[in-house]
Amino acid sequence: PGVALPWLNQHLGEEGGVGGAGRRGRRGVGAEGSAMAYGPLAQCAFMSGPSPFKKKAPPGEEKKHFKDLLPPWKPPDRCEAPPPGSFMLYCFDMEEIKDPNATSRSLPLDEMSHVTFGSSQEVDGMVYDGNKGVRPEHAAIYYMKSRWFLKAVNGPVTVESMTLHPHLKDSDGKPPKRYTSASTKKMETIEPMDAKKKLTREFCVFRLGDSERRFWIGGPLPLGDGEAEEAGATEGRKKERKERGEKADRGDRDRGERDRGERGERDHKDRDHKDHKDHKDHKEHKEHKDRDRKEDRDHRSRTRSRSRKRRR
């Protein structure tokens, strides 16, 4: 307004009245006013660069910060170490176990009342799993009342049946005894808010989060509800025991034949020795008997000679 009014007064004075300059004044105000109104705004817009509308920010690294960090997990006070040589912890990856020459990595559980699992490399004694979905302290197992229990500490844990892993092997490459049940539920996921899970002979395999690594415990675990040894495995073991028994019987027969041969040789030697000894004893006895007879004859002959002398 400070610019438009002097310009309007000047043109009104030149035209000599409001009526003569009304139409021109309106056209002037419209043309000059539009230039004055939109020119500076457009100039500012072009000087400041393109519009930031829908413009992407430069990529940056996002760091995860867990605000509610839980204290380190502590096992129950009633935990105890298992009997020495009873249990073994095995580990395998799904891609490696299909190889016929592959074996599971093992860790003896002697004198270990509890074991923790996670992705942290700063905690001593922790079993490491570097999957992205594994928390620094993810799960733990502990031995109590002659049983192994699994507890999800800071993340989900899936317990699986051994029937889902037909290529299961121990550290020596031998398949373990296989157990199954009539239940159709072969997997169970537990969360940190859930209670502990008892490991049985069938449900002895578990994994952390979405990891492809599996852990399982080998040893005299208790039988679960309705669990029994697989029929095929039982028949295979019976056949193996039968073959071992036949082999042992063949070995016993061979050993018996050898023993009988050796015994016969010994008996023959003993008989020969006995016969020789008997012959020697018989010979000595005969000689002794002959000597006694001779002495007896000599004694009788001396006695007769004495009696003849007396008669004379």
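**A walk from a loop to a core and a pocket**

T200 sits in a loop that runs between strands β10 (197–198) and β11 (205–208). Keep in mind that this is a predicted model. Is T200 buried or exposed? Its relative accessibility is 7%, and buried means under 20%. So T200 counts as buried, although its place is in a loop.

What does the side chain of T200 reach? One partner is the backbone nitrogen of F203, at 3.2 Å. Another is the side chain of E227, joined to the side chain of T200 by a polar contact of 2.8 Å. Now leave out residues up to four places away in sequence. T200 then touches L221, P222, G224 and E227. E227 thus appears both in this list and in the polar contact.

Next, move to L89. This residue belongs to strand β1, which covers residues 88–93. L89 has a relative accessible area of 4%, so it is buried. Which residues does L89 touch, not counting those up to four places away in sequence? They are R105, S106, L107, L109, F117, V127, F215, W216 and I217. Look also at D170. L89 and D170 are 81 residues apart along the chain, yet their C-alpha atoms are separated by 9.5 Å.

Now step back to the nonpolar cores. The largest has 33 residues. Which of them have the most contacts inside it? They are F117, I141, W148, L150, V157, F215 and I217. Several strands each supply at least two residues of this core: β1, β3 (114–118), β5 (139–144), β6 (147–152), β7 (157–160), β11 and β12 (213–218). The largest share, 4 residues, comes from β1. Three of the residues named here, F117, F215 and I217, are also touched by L89. Apart from this core lies another, of 7 residues, among them C79, Y142, M144 and V153.

Last comes empty space. Rolling a probe the size of a water molecule over the atoms shows where such space is left. The second largest pocket has a volume of about 340 Å³. How many residues line this pocket? There are 16, and P176, K177, W216, G218 and G219 lie nearest its centre. β12 gives the most to the lining, with 3 residues. By class, the lining has 10 nonpolar, 2 polar and 4 charged residues. W216 links two stops on this walk: it is touched by L89, and it is one of the residues nearest the centre of the second largest pocket.

Definitions and conventions
Residues are numbered from 1 along each chain as its sequence is written. This is a predicted model: local features need pLDDT of at least 70, side-chain atom pairs count only at pLDDT 80 or more; totals for chains, interfaces and linings use all residues. Side-chain values use heavy atoms; hydrogens and water are left out. Buried means under 20% relative accessible area, exposed over 50%, partly exposed in between (1.4 Å probe, protein chains only). Contact means heavy atoms within 4.5 Å. A polar contact is a pair of N or O atoms within 3.5 Å; within protein, one must be able to donate a hydrogen and the other to accept it, and residues adjacent in sequence count only if both atoms are side-chain atoms. A nonpolar core is a set of buried Ala, Val, Leu, Ile, Met, Phe, Trp, Tyr and Cys residues joined through side-chain atoms within 4.5 Å. On a 1 Å grid over the protein atoms alone, a cavity is a set of points where a 1.4 Å probe fits but cannot get out, and a pocket is an open set with protein on both sides within 12 Å along at least five of seven lines; lining residues have an atom within 4 Å of a point. Grid points are joined across faces, edges and corners, and a volume is the space filled by probe spheres set on the points. Ala, Val, Leu, Ile, Met, Phe, Trp, Tyr, Cys and Pro count as nonpolar, Asp, Glu, Lys and Arg as charged, and the others, Gly among them, as polar.
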